[in-house]
Amino acid sequence: GLDYEAIFLQRWQQFLLTTVLTDQSIANNPLFQQVKSLLQESKQLFASTDSVSYRIVRNFRINTRDRVFSQFSQHFKRIDKQFNFRSLRHQIEVPLWQLINKQPNNDSLLGKPSWQLLFTNALNDTLNDMTNQQPLADASWGQQNTALIKHPLSSALPFLTHWLDMPNTQLSGDSYMPKVQGTSFGASQRMIVSPGHEEEGIFHMPTSQASHPWSPYYGLGHSDWEQGIASAFLPGKTEYSLTLTSY
């Protein structure tokens, strides 16, 4: 469950290199040239905290998806105001991949003079966001994928956020890979254990099992979940016990 190789996005990396970042498109465009060099250097794509290449490919796909289906989404919203593109965004990869590769000449679908311009604009959207007040080399995936795990009460009691919320830590991993970790979502727990070998088992749980922020165990083990550090499945020595009595 700790594998964060971006197998799903490998073909998108190649699409960028072969179809979008052509000799013509990178000519007189130093930023596009830098992107091509970064992607060529990344023989394997990983959602690691220091990866700039992963962030480029991942966000380019999303910006391309949104541009390709913008006309589609607007059409369905005119039919049904309750339509929300988010309800089917995870099923959209197959038609999206067919469209960007076959590139049908359908202006009502495309909404742009050419497919190449759509790809260029999607990449520009990606890079404009990543280079906002910083060089591209500093725009790592971890910078974008920083944990924002907040206690339900912290929005109402902002002066207690230091004690209620989990730390804002850069995370590796993403959707579409075993290590599912995002800014506000992720694996609710990881457990690996074999019967008869419980002492070798591993257990991860975000935010800890303690729900009271003043408990000495509040947040205990959260960093192990973030970083994928093996922590014991079995409990340690009993230090406290609760006795319920009737009156």
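1. A residue is called buried when its relative accessible area is under 20%, exposed when it is over 50%, and partly exposed in between. By that rule R58, at 21% relative accessibility, counts as partly exposed. The model discussed in this note is a predicted one, and every value below should be read as computed from that prediction.

2. R58 is a good place to begin, since its side chain meets that of D174 in a salt bridge, with an N to O distance of 3.0 Å. R58 belongs to helix α4, whereas D174 sits in the loop between α10 (161–164) and β1 (190–192), so the pair ties together parts that are 116 residues apart in sequence. D174 itself counts as buried, because its relative accessibility is 3%.

3. A salt bridge also joins the side chains of D125 and R67, with 2.9 Å from N to O. Here the partners come from two helices, D125 from α8 and R67 from α4, so parts that are 58 residues apart in sequence are tied together. Both partners have intermediate accessibility: D125 counts as partly exposed at 33%, and R67 counts as partly exposed at 22%.

4. The side chains of D165 and K150 form a further salt bridge, at 3.7 Å from N to O. This pair links distant parts of the chain, with D165 in the loop between α10 and β1 and K150 in the loop between α9 (141–144) and α10, 15 residues apart. With a relative accessible area of 12%, D165 is buried, while K150 is exposed, its relative accessible area being 53%. Elsewhere, salt bridges that share partners join R11, R61 and E93 into one network, and the count of salt bridges comes to seven.

5. Turning to the nonpolar interior, the largest core has 39 residues, of which F60, I100 and L123 touch the most other members. Two or more residues are given to this core by each of α1 (10–20), α3 (30–41), α4 (52–68), α6 (93–102) and α8 (115–130), and α8 gives the most, with seven residues. Apart from this core lies another, of six residues, including I149, M166, L171 and Y218.

6. What surrounds I100, once residues up to four places away in sequence are not counted? I100, found in helix α6, touches W12, F15, T64, V68, W115 and F119. The residue is buried, because its relative accessible area is 0%. The C-alpha atoms of I100 and N121 are separated by 14 Å, the two residues being 21 apart along the chain.

7. The largest pocket holds about 730 Å³ of space. Among the 22 residues that line this pocket, Q209, Y217, L220, P235 and G236 are the closest to its centre. By class, the lining of the largest pocket divides into 11 nonpolar, eight polar and three charged residues.

8. The second largest pocket holds about 290 Å³, and 15 residues line it, of which R58, I62, R65, S175 and Y176 are the closest to its centre. Its lining has seven nonpolar, two polar and six charged residues. R58 therefore appears in this note in two settings, as a partner of D174 in a salt bridge and as one of the residues closest to the centre of the second largest pocket, with its 21% relative accessibility placing R58 in the partly exposed class.

Notes: Residues numbered from 1 in each chain as written. Predicted model: local features only at pLDDT ≥ 70, side-chain atom pairs only at ≥ 80, totals over all residues. Heavy atoms only, no water. Core = buried A, V, L, I, M, F, W, Y, C linked by side-chain atoms within 4.5 Å. Buried < 20%, exposed > 50% of the residue type's maximum accessible area, 1.4 Å probe, protein only. Helix = DSSP H or I, 4+ residues; strand = E, 2+ residues; numbered from the N terminus. Contact = heavy atoms within 4.5 Å. 1 Å grid on protein atoms, 1.4 Å probe; cavity = no way out; pocket = protein on both sides within 12 Å on 5 of 7 lines; lining within 4 Å. Points joined across faces, edges and corners; volume = space filled by probe spheres on them. Nonpolar A, V, L, I, M, F, W, Y, C, P; charged D, E, K, R; others polar. Salt bridge = Lys/Arg side-chain N within 4 Å of Asp/Glu carboxyl O.
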